[in-house]
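Let's take a friendly walk through this model, starting with the overall fold and ending with a few residues worth finding on screen.

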Amino acid sequence: MLLEIGTDQEEAAATLGAGPGRLLAGHPSLDPSGARLRVTLTTARVLGEFGAVVVVSGNITGKTQTMTLFISNSVEN
């Protein structure tokens, strides 16, 4: 994940005097509040996708039932 972000922010922080420990500690990708935000957004997306599958699918066993609905029905029963 950190390799995809690049080094622009790290280079800027080093130019302003940040040491190696501060570079990692202050990195936005490692911020705990950022992690909570990503978990929240991922959960919202998953619930939205599940809702779309439930609405669009006919949920007829063996014909139009998706794996998502199969698992959901299995958990409920």
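The protein has 5 helices and 0 strands, where helices (H or I, at least four residues) and strands (E, at least two) are DSSP runs numbered from the N terminus. Read from the N terminus, the order of elements is α-α-α-α-α.

Please keep in mind that this is a predicted model, in which local features need pLDDT of at least 70 and side-chain atom pairs count only at pLDDT 80 or more, while totals for chains, interfaces and linings use all residues. Residues are numbered from 1 along each chain as its sequence is written, and side-chain values use heavy atoms, with hydrogens and water left out.

The pLDDT (the predictor's confidence in each residue, from 0 to 100) averages 78 over the protein, and 79% of the residues score at least 70. Confidence is lowest in helix α1 (residues 2-5), with a mean of 61, and highest in helix α5 (residues 67-76), with 87.

Of the 77 residues in the protein, 8% are buried. Here buried means under 20% relative accessible area, exposed over 50%, and partly exposed in between (1.4 Å probe, protein chains only). Contacts (heavy atoms within 4.5 Å) can also be sorted by sequence separation: among those with a separation of 6 or more, 16% join residues 24 or more positions apart.

Three residues make handy landmarks:

| Residue | Place | Relative accessibility |
|---|---|---|
| S57 | loop between α4 (32-56) and α5 | 15%, buried |
| N73 | helix α5 | 25%, partly exposed |
| F70 | helix α5 | 46%, partly exposed |

Start with S57, in the loop between α4 and α5. What does the side chain of S57 reach at 2.9 Å? The partner is the backbone oxygen of T64. Leaving aside neighbours within four places in sequence, S57 is in contact with T64, Q65, T66 and L69.

Q65 turns up again in the surroundings of N73: not counting residues up to four places away in sequence, N73 touches N59 and Q65. N73 and N59 are 14 residues apart in sequence, and their C-alpha atoms are 9.9 Å apart in space.

Finally, look at F70 in helix α5. Together with M67, I71 and V75, F70 makes a nonpolar surface patch of about 450 Å². F70 counts as partly exposed because its relative accessibility is 46%.

How values were computed:
Patch = residues over 30% accessible without salt bridge, like charges linked within 9 Å, V, L, I, M, F, W, Y side chains within 5 Å. Areas by Shrake-Rupley, 256 points an atom, 1.4 Å probe, with all protein chains shown as cover. Salt bridge = Lys/Arg side-chain N within 4 Å of Asp/Glu carboxyl O. Polar contact = N/O pair within 3.5 Å; in protein donor to acceptor, adjacent residues only side chain to side chain.
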